[in-house]
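The following exercises concern burial and helix packing. Please work through each task before reading its solution.

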Amino acid sequence: MSELIPLTIIGGYLGAGKTTLLNHILRHNDGFRLTVLVNDFGDINIDAELVENQDGDTINLANGCICCTLADGFVGAINTILEQNPHPDRIIVEASGVSDPIKIAHYAQMRGVSLDGVIVVADAEKVQAKVDDKYVGYMVSQQLNGADILILNKVDLVDQDQRPAVRGWLAEAAPHSRIYETQYGNIPLELLLGIDTKRKSSTAGSGSDILPFVTWSYVEDAPLQRRLLARLLDDLPKSIFRAKGFLNLQNVPQHRTILQLVGRRWVLSPGRAWDGEKPQTRIVWIGENGQFEQEGLAAALDACTHPS
Amino acid sequence: MKETTIYTGGDIITMDDANPQVEAVAVKDGKILAVGDLSAVETTAGPGAKAVNLGGKTLMPSFIDAHGHFMNAPRLITWANVSVPPVGPVESIPNIIRVLEEHVAKWKLASGEWIIGYGYDSKFLAEGRELTRDDLDPHFPNNPIILIHVSNHGCVMNSRGFEFFEITAETPTPEGGVILRKEGSQEPAGLLMEMAFGPVFSQLPQPSEEELLELVKPAQLMYASKGVTTITEGATQAHAMKFLRKAAVQKRLFLDVVSQPVAMGGELYKTFAEYIIVGDDEEPHVIGNPENVFGTYQDRLKLGGIKIVLDGSPQGKTAFWTEPILTPGPAGEENWRGVPLLPPEIVHKTYKSAAERNIPVYAHANGDAAIDMVIEAADAAGITAADDRRNVVVHSNLMRPDQLDHYARLGLLPSFFTVHTFFWGDTHVENLGKERAFFLSPLKSTQEKGIRFTNHNDYSVTPQDPMFMVWTAVHRVSRNGVIIGPDQRVDVWTALKSITIDAAYQYFEEDTKGSFELGKLADMVILSDNPLKVNPMMIRDIVVEETFKEGQSVYQRV
């Protein structure tokens, strides 16, 4: 059985900056073969030199990415992708401005794909008014609430002294989400797409002016207690956005356990057998620079090796 | 020169308010030559005119489908109808087996070919349980079967069907889905619902374009057999538009087809690529294109407006209301009001852009909040009734009384859906309470405001059946026998107008269709009985004897 293709859903209300974010991903993607599903090509602005060819609903990019419209619906598009060989490394779906990304996420249980995370873009200037809107308020609050990672976009349009208030309000509106402030959808790809060995290089963000996050590895030989680890993952500081790695769990000594964490969402799944290799836990963490207490997290993880 | 034909010898209903019933009608060159007393009509027709005696049957203008989905017809007519009455003949599991056996014989299905059925609903089966693969397998060991649930959210399959999709005891049940299992085992029993059904349906083998083109004529014949000679394709996606144009150019259309290209989700750009430019911020700009002229028939195909969809359906609890419904939402939500399917910004821009280019907007809006969005958008675009744009609010099913004044002021036309009173009237009372439910498709109040309205079946949501539509407009009786809004019932004449002359008006075709007046097209239907004279409860039993498109007979009952 082939590996499941990770699926990232990008949601958020009309004008919040979903398309800008997608353009940013396509432009700065390096090494991932992404298939991006969009509502239409109208707003997708791909650098001409990147476009290899366009065939109706599909644009092939020189960097190995493919951009498709959702003309045949979401399920139809996924079926088409699964027929392709090789499979893309990741599928990114742009949810319509008035849809609930969580509902799309349910489709990720289809064969062949697995949900990586739900990223919702919010317009820092307008999001509060949209939540109060008599028509779309409910949907916008659903979107915010369902986000694993919330991109608070266009923060440059909000007065400096107002920003903490907006952020505080958002933290209450979406109590479980990780929040990341940005402008022009300018956000490090590792936060959006995670760390992947298939990537040629790891770029610390795409603009040199932002260095807001840090990656850090945790390596430990002693087996971890599943129950303690689960509690720790549930209560992680909100400055931690992603984690990925192999675990040496005490109750499954034969094989690796894969950890995937995006914002509040984490999944443990069985990995390859150790097969004589020395069992060892290796986790790469991504968190906000300056907010990320490496020592504290390391100590908390170490504590997961001791039976309580 | 074609001969002149005089129709007489039965009731003739003209649908002309000034001259409702006449003795005779003469037809020449596909048009109405004379209407009136037999002697006067004979004089106009001149010697040598052929006379057709109606034999006591009733002649009237044929029906105009004000809203429906023609593109569903070519496939659906090749599917077995396993619906309960009045849509289909099924009341028990043996009935289903019989219908499927007849279907296999009719379409000469070979071993291995799919048997597809629609309308399955265990709620009304005598056995009081779901149909299972074990019911189907002994009779159909070699053909995969899928019977689609009446909600379109599920299906029942036999073992060959499960084999095709590789659904086994090991297949996990997806979140938000149902795989009914055999008792005491993990083996799928037959029924799949919601998230378990979606992927199956999307992977069902599709007929080729050539096969579908061959079905365009039989699909029109289905309409003709119900007396309909102007068909609506009321949400045309880009690929369907290409298909319809191909069918038209190949002269496969013998009835008129009005298409409204739909702008929704991924279709926004694609559907309109040929005549709408999508600019910044997803704004659709409508532009003309010589290949796709709005408002004129080319090879019997006309673009009659653009379609947008603002909400879902009230029975699916996906309509968009201002006040919460009384029951939980589709996922068990409390205080559920539904959600809009388009942002107000897009709705506003659509009305403005379309008005600038004289293209009518067909807005699907069922709940009053969705209707508020339409009213606000039309207002913002500066539209008034004096502009005569004939923008149509499709369904207008659960509007508020105050919204009718806005319809009158803005010139919005409602196209109602009165068969709802029968199929879902009881559900609406449960979800909305009597006061809101009884204002469903408020024909009488609309008429009293002087607003013209049409009525539709929304085929294939409900069967193509104009006489049943008239029956529901006149009686509004639910399945349980409740009159859904007694004060919203209208007389038979008004009900007939909504599917003839007023539907012609909706399409800017009142000068050529919808009534027997000099020079109009001889689009006519002969009915077994006169709906104005028959016992009103029997209107639904009236059958179509013969249908004419521009004087040519296109259907005759065997």
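A residue counts as buried when its relative accessible area is under 20% and as exposed when that area is over 50%. The model is a predicted one.

**Exercise 1.** Determine whether Ala298(A) is buried or exposed, and state which residues it touches beyond four places away in sequence.

*Solution.* Begin with the location: Ala298(A) belongs to helix 9 of chain A, residues 294-303. Its relative accessible area is 16%, and because the cut-off for burial is under 20%, Ala298(A) is buried. Beyond four places away in sequence, Ala298(A) touches Trp216(A) and Tyr218(A). Val219(A) lies 79 residues from Ala298(A) in sequence, with a C-alpha to C-alpha separation of 9.3 Å.

**Exercise 2.** Establish how helix 8 and helix 9 of chain A are oriented to each other, and which classes of residue make their contact.

*Solution.* The axes of helix 8 (residues 226-234) and helix 9 of chain A come within 9 Å and cross at roughly 150 degrees. Angles over 145 degrees count as roughly antiparallel, and the two helices are therefore roughly antiparallel. Helix 8 contributes Leu228(A), Leu229(A) and Leu232(A) to the contact, while helix 9 contributes Leu297(A), Ala300(A), Leu301(A) and Ala303(A). By class, the contact has seven nonpolar residues, no polar and no charged ones.

**Exercise 3.** Identify the buried residues of helix 6 of chain A and explain why they line one face.

*Solution.* In helix 6 (residues 163-173), the buried residues are Arg163(A), Val166(A) and Leu170(A). Viewed down the helix axis, they fall within an arc of 65 degrees, so they line one face. The face turned away from this buried side carries the exposed residues Pro164(A) and Glu172(A). Elements covering the buried residues include helix 4, helix 5, strand 8 and strand 9 of chain A.

Key:
Residues are numbered from 1 along each chain as its sequence is written. Chains are lettered from A and ligands numbered from 1 in the order in which they are written. This is a predicted model: local features need pLDDT of at least 70, side-chain atom pairs count only at pLDDT 80 or more; totals for chains, interfaces and linings use all residues. Side-chain values use heavy atoms; hydrogens and water are left out. Helices (H or I, at least four residues) and strands (E, at least two) are DSSP runs, numbered from the N terminus. Buried means under 20% relative accessible area, exposed over 50%, partly exposed in between (1.4 Å probe, protein chains only). Contact means heavy atoms within 4.5 Å. The arc is that of the directions from the helix axis to the C-beta atoms. Axes are lines fitted to C-alpha atoms, for helices over the stretch in contact, and angles run from 0 to 180 degrees between N-to-C directions. Angles under 35 degrees count as roughly parallel, over 145 as roughly antiparallel, 65 to 115 as roughly perpendicular and the rest as oblique. Ala, Val, Leu, Ile, Met, Phe, Trp, Tyr, Cys and Pro count as nonpolar, Asp, Glu, Lys and Arg as charged, and the others, Gly among them, as polar.
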